[in-house]
Amino acid sequence: MAGNNETYDMLLKLVKTRMSVRKFRPDPIPDDTIDKVLEVASWAMSGANSQPWEFIVVTDPDTKKQLRDAYSEYNTDFIFWMEQQREYKLRHPSYQVRGDPQESLRFNKAKANWHQAPAVIVVLGDGRRQWGTVMGAHTFGRDQSHLTDGLANASFLIHLAIASLGLTSEWVSIHIQEPYKRILGIPDLLMVYLIIPIGHPDVPAREGVRRPLNETVHRERYDMSKYMSNEDVIRYLYSLREATVPVHSASRAVTVEEKK
Ligand SMILES: Cc1cc2nc3c(=O)[nH]c(=O)nc-3n(C[C@H](O)[C@H](O)[C@H](O)COP(=O)(O)O)c2cc1C
């Protein structure tokens, strides 16, 4: 396909309007939406075209609730206690809640509402498909994984396709896979990579936040004036939190009062 400015403008508009939403309305979505979204995802790039992904589409309310309860019980609990190790302002926006830790944990466990979304796509990875790619891509000790790179590409295409259909989605990271495997009957050898709820947002649209390009782009060779020392990175993290905590709260419609 010959590229042109119109196609570029459409793409830029799409990537800028896509946003993570953490509060969904239960309203149904058109029947063929999921098929359309997964068709796009299947065109993701992957090492040696090994296509290491599979998808489970869950619409049954009881199963969605089980997945979400497992998320609160295992994932949220684990992450919550990990975040307590950090200085308050450096914590992930979700875990900047003051007061009694147990109460704050209960608040965090209860607030995930993605089971309300009409559909949830569970992205699975099959590591054996990496056998299709070069051995160097799965050498122990090297920070490369053609498995997770491919899964991330497919997942992002799901998010973009959803945005192109006027819907919204959330990237629900999985840190502890076993409970979802039990609920969905997933074979041990496969990896539960990601949960993507999709549906209509229950929060208003908002503008995203990104680093300016002149900070991240180097011309011809690495520009050391842009290199961040470890201390710079911590300073950056503080400023990032200042910018993204309100955006994050808006994505799940948490009020300042609720956060106290
Ligand atoms: C690797 C990765 C992990 C993420 N984990 C979560 C998550 O567990 N829960 C969540 O609600 N959003 C998660 N996100 C979404 C990011 O918070 C979000 O993309 C980022 O803040 C930019 O906001 P935007 O998507 O609205 O542009 C994750 C995104 C990525 C790529």
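A polar contact is a pair of N or O atoms within 3.5 Å. The views below show a predicted model.

**View 1. Polar contacts between the ligand and Arg 18, Ser 173 and Arg 210.** In the side chain of Arg 18, an N or O atom is placed 3.0 Å from an oxygen atom of the ligand. For Arg 210, a side-chain N or O atom is likewise 3.0 Å from a ligand oxygen. The contact of Ser 173 involves a nitrogen atom of the ligand, which is 2.8 Å from a polar side-chain atom of this residue. The ligand taken alone exposes 620 Å², and the protein buries 61% of that area. Residues around the ligand also include Met 19, Ser 20, Arg 22, Glu 170, Trp 171 and Arg 206.

**View 2. Helix 1, residues 5-17.** At the N-terminal end, Asn 4 acts as a cap: one of its side-chain oxygens is 3.0 Å from the backbone nitrogen of Glu 6. The helix has 13 residues, so at 1.5 Å a residue it should span 18 Å, and the distance of 18 Å between its end C-alpha atoms agrees with this.

**View 3. A nonpolar patch on the surface.** The patch consists of Tyr 8, Leu 11, Leu 12, Val 15, Phe 156 and Trp 171, whose accessible area together is about 530 Å². Helix 1 gives the most to the patch, contributing four residues. Leu 12 belongs to helix 1. With a relative accessible area of 34%, Leu 12 is partly exposed, and residues of a patch need over 30%. Trp 171 of the patch is also among the residues around the ligand.

**View 4. A network of salt bridges linking Lys 65, Arg 68 and Asp 69.** Lys 65 and Asp 69 pair with their closest N and O atoms 2.8 Å apart. Both lie in helix 3 (residues 61-83), at a separation of four residues, or about one turn of the helix. An α-helix has 3.6 residues a turn, so residues three or four places apart point the same way. Asp 69 also forms a salt bridge with Arg 68, at 3.2 Å between the closest N and O atoms. Arg 68 has 10% relative accessibility and therefore counts as buried. Lys 65 is partly exposed at 36%, as is Asp 69 at 29%.

**View 5. The salt bridge between Arg 25 and Asp 27.** The closest N and O atoms of this pair are 3.2 Å apart. Arg 25 is partly exposed, at a relative accessible area of 31%, and Asp 27 is partly exposed at 29%. The structure holds 11 salt bridges.

Definitions and conventions: Residues are numbered from 1 along each chain as its sequence is written. This is a predicted model: local features need pLDDT of at least 70, side-chain atom pairs count only at pLDDT 80 or more; totals for chains, interfaces and linings use all residues. Side-chain values use heavy atoms; hydrogens and water are left out. Patches are made of residues with over 30% relative accessible area and no salt bridge: like charges are joined within 9 Å, nonpolar side chains (Val, Leu, Ile, Met, Phe, Trp, Tyr) within 5 Å. Accessible areas come from the Shrake-Rupley method with a 1.4 Å probe; for residues, only the protein chains shown count as cover. A salt bridge is a side-chain nitrogen of Lys or Arg within 4 Å of a carboxyl oxygen of Asp or Glu. Helices (H or I, at least four residues) and strands (E, at least two) are DSSP runs, numbered from the N terminus. Buried means under 20% relative accessible area, exposed over 50%, partly exposed in between (1.4 Å probe, protein chains only). A residue is near a molecule or strand if one of its heavy atoms lies within 4 Å of it. A polar contact is a pair of N or O atoms within 3.5 Å; within protein, one must be able to donate a hydrogen and the other to accept it, and residues adjacent in sequence count only if both atoms are side-chain atoms. The expected span of a helix is 1.5 Å times one less than its number of residues.
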